[in-house]
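Student: I have a model open and some questions about its contacts, sheet and core. Can we go through them one by one?

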Amino acid sequence: MDEIEQWKAKIQELVDPFQQKIQNIPDIQLYTAVAIIFVTLILSVIVHLSKKKKSNTIILAGLSGSGKTVLFYQLQDGSSHQGTVTSMEPNEGTFVLHSGLNKKVKIRPVHIVDLPGHSRLRPKLDDYLPQSAGLVFVVDALEFLSTCHAAAEYLYDILTKATVVKKKVPVLILCNKTEKVTAHSKEFIRKQLEKEIDKLRASRTAISDADISSEYTLGVPGQPFQFSQCTNKVTVGEASGLTGEISQVEQFIREHVKP
């Protein structure tokens with residue numbers, strides 16, 4: 001018991017000076033200090049929650065007829081849904097990727113937005129970009145040569161958007177319809193898109209700033225354009241929405257939408 005009393009006495013000796021200091025502090029200073037501590041704790045919690053809550057939205061963009069909607073349904077339920085028609089409204093849904101339904105590991109549902117490819121509807125992209133975790137730009141590998149310039153223009157507009165540049169939104173250029181023997185390879189498509197974007201960059205730079213719709217310039221001045229020069233990560237992959245070979249787009253989604 002004597003030892004306990006001794007310990008209590010020592011603790012009291014340590015505590016007493018702090019109690020006296022607190023008692024000597026004016027009430028207004030004491031309340032201010034408590035308020036600062038409280039606000040700091042609240043801000044710390046808010047910052048922690050904002051960092052923890054990552055976006056789960058993936059955008060499918062591209063020209064009409066590139067196969068975006070077929071890819072959407074393959075991701076959702078493993079079916080190509082033959083007979084899909086061009087939509088005038090975004091097709092979206094939140095679900096666990098079909099390929100992950102039978103897995104026992106924890107898989108986070110992903111919100112997929114299939115945007116219409118018509119040029120008049122492309123401004124809808126700006127509604128979804130701020131909360132996007134990534135963007136899949138779908139290219140028709142079968143009819144690529146006839147659509148190369150239009151695809152490059154659309155892709156150029158996406159890569160120069162302020163949201164994409166500032167947030168460094170990752171982009172996957174997905175060469176679709178590769179099950180056909182006459183489909184172009186992803187390397188060929190990548191090189192042709194880079195060449196077309198390089199031409200666009202040169203022509204748009206020559207126009208007055210007031211007439212340019214792009215928000216940022218691409219590439220390194222004086223050098224041929226390459227996707228590796230973008231501030232955000234741009235990769236190229238292959239898929240076949242018709243046969244269900246979509247492993248590369250699924251890998252992209254899992255990489256950027258984590259549990």
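Student: Which residues does Gln248 contact, leaving aside its neighbours within four places in sequence?

Tutor: This is a predicted model. Gln248 is placed in helix 8, residues 247-256. Beyond four places in sequence, its contacts are Leu172, Lys186, Val236, Gly237 and Glu238.

Student: What does the side chain of Gln248 reach at 2.9 Å?

Tutor: Glu238 is among the contacts of Gln248. Here the partner atom belongs to the backbone. At 2.9 Å, the Gln248 side chain reaches the backbone nitrogen of Glu238.

Student: How far apart in space are Gln248 and Val236, C-alpha to C-alpha?

Tutor: The two residues are in contact. In sequence they are 12 residues apart. In space, the C-alpha to C-alpha distance is 9.3 Å.

Student: Is Gln248 buried, partly exposed or exposed?

Tutor: Buried means under 20% relative accessible area, and exposed means over 50%. Gln248 has 30% relative accessibility, so it counts as partly exposed.

Student: On to the sheet. Which strands stand at the edges?

Tutor: The sheet is open, with six strands in the order 2-3-1-4-5-6 and mixed pairing. An edge strand has a single partner, so one of its sides has no neighbour in the sheet. That describes strand 2 (91-95) and strand 6.

Student: How many bridges join strand 4 to strand 5?

Tutor: In the sheet order, 4 is followed by 5. The two strands run parallel. Asp140 stands opposite Asn176 of strand 5. The number of bridges between strand 4 and strand 5 is six.

Student: Which strands does helix 5 touch where it packs on the sheet?

Tutor: The direction of helix 5 makes about 165° with that of strand 4. Strand 4 is one of the strands touched. The full set is strand 1, strand 4, strand 5 and strand 6.

Student: Now the largest nonpolar core. Which residues touch the most other members?

Tutor: This core has 37 residues. Several elements supply at least two residues each, including strand 4 (132-140), helix 5 (144-159) and helix 7 (186-206). Helix 5 gives the largest share, nine residues. The members touching the most others are Leu135, Phe137, Ile173, Leu193 and Phe227.

Student: What does Leu193 touch, not counting residues up to four places away in sequence?

Tutor: Leu193 is one of the residues that touch the most other core members. Two of those, Ile173 and Phe227, are on its own contact list. With that sequence limit, Leu193 touches Phe144, Cys148, Ala151, Ala152, Leu155, Ile173 and Phe227.

Notes. Residues are numbered from 1 along each chain as its sequence is written. This is a predicted model: local features need pLDDT of at least 70, side-chain atom pairs count only at pLDDT 80 or more; totals for chains, interfaces and linings use all residues. Side-chain values use heavy atoms; hydrogens and water are left out. A nonpolar core is a set of buried Ala, Val, Leu, Ile, Met, Phe, Trp, Tyr and Cys residues joined through side-chain atoms within 4.5 Å. Buried means under 20% relative accessible area, exposed over 50%, partly exposed in between (1.4 Å probe, protein chains only). Contact means heavy atoms within 4.5 Å. A polar contact is a pair of N or O atoms within 3.5 Å; within protein, one must be able to donate a hydrogen and the other to accept it, and residues adjacent in sequence count only if both atoms are side-chain atoms. Two strands pair if DSSP finds at least two bridges between them. Axes are lines fitted to C-alpha atoms, for helices over the stretch in contact, and angles run from 0 to 180 degrees between N-to-C directions.
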